[in-house]
Amino acid sequence: MGGGGPTCNASSTTCITPSRLPSTSVFQNRITDLIAVDPSFSTVINVNRARIRGATLDGSVREGLWRLRAEWTHQQPEDADSGAQLVRRAKSFGSASLSA
């Protein structure tokens, strides 16, 4: 490899760019006085202490002129006092894009 250029399959045009190799990020956020929507979605509430822990996996692949990029996050968004999941905070979410 070396040189920082793309790693390409000799029998096709598939390349993995080193700067976009699959990667994982782990995170934890502690938030005080989080303004959130109540479970009925009718008013806002204050969450005294919230904690969001999780991990994100992302990567991309280039095939000829095309580039596919994907990202997926799994997290535990919770009220640190009650342990309840925060309203309107997904446990898992992701995205994908295809560009030329």
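The side chains of arginine 69 and glutamate 71 meet in a salt bridge, with N and O 3.4 Å apart. That term stands for a side-chain nitrogen of Lys or Arg within 4 Å of a carboxyl oxygen of Asp or Glu. Arginine 69 is partly exposed, with a relative accessible area of 25%, and glutamate 71 is partly exposed too, at 28%. "Partly exposed" sits between buried (under 20% relative accessible area) and exposed (over 50%), using a 1.4 Å probe and protein chains only.

Before going on, a word on what you're looking at. This is a predicted model, where local features need pLDDT of at least 70, side-chain atom pairs count only at pLDDT 80 or more, and totals for chains, interfaces and linings use all residues. Residues are numbered from 1 along each chain as its sequence is written, and side-chain values use heavy atoms, leaving out hydrogens and water.

**The overall picture**

What is the chain built from? It has six strands and zero helices, so reading along the sequence gives β-β-β-β-β-β, where strands (E, at least two residues) and helices (H or I, at least four) are DSSP runs numbered from the N terminus. Of the 100 residues, 19% count as buried. Take the contacts (heavy atoms within 4.5 Å) between residues at least 6 apart in sequence: 47% of them join residues at least 24 apart.

**How the strands pair up**

Strand 4 and strand 5 run antiparallel and are joined by 14 bridges; two strands pair if DSSP finds at least two bridges between them. Within that pairing, arginine 53 stands opposite glutamine 76 in strand 5. The hairpin of strand 4 and strand 5 has two residues between the strands, and glycine 64 takes a positive phi near 60° there. Strand 5 also runs antiparallel to strand 6, with eight bridges between them. One of the matched pairs here is threonine 73 with its bridge partner in strand 6, phenylalanine 93.

**Back to the charges**

Side chains of opposite charge can pair when their charged atoms come close. How many salt bridges does the structure hold? There are four, and the table lists some of them.

| Pair | Closest N to O distance |
|---|---|
| Arginine 51 and glutamate 78 | 2.5 Å |
| Arginine 53 and glutamate 78 | 3.7 Å |
| Arginine 69 and glutamate 71 | 3.4 Å |

Glutamate 78 turns up in two of those rows, with arginine 51 and with arginine 53. Arginine 53 lies in strand 4 and glutamate 78 in strand 5, so this pair ties together parts that are 25 residues apart in sequence. Is glutamate 78 buried or exposed? Glutamate 78 is buried, because its relative accessible area is 16%. Its partners are partly exposed: arginine 51 at 22% relative accessibility and arginine 53 at 32%. Salt bridges that share partners join Arg51, Arg53 and Glu78 into one network.

**Out on the surface**

The protein chain exposes about 7000 Å², with carbon and sulfur atoms supplying 56% of it; accessible areas come from the Shrake-Rupley method with a 1.4 Å probe, and for residues only the protein chains shown count as cover. Which residues make the nonpolar surface patch? Leu65, Trp66, Leu68 and Leu98 do, over about 490 Å². Patches are made of residues with over 30% relative accessible area and no salt bridge, joining like charges within 9 Å and nonpolar side chains (Val, Leu, Ile, Met, Phe, Trp, Tyr) within 5 Å. Leucine 98 is found in strand 6 (residues 92–99) and counts as exposed, at 56% relative accessibility.
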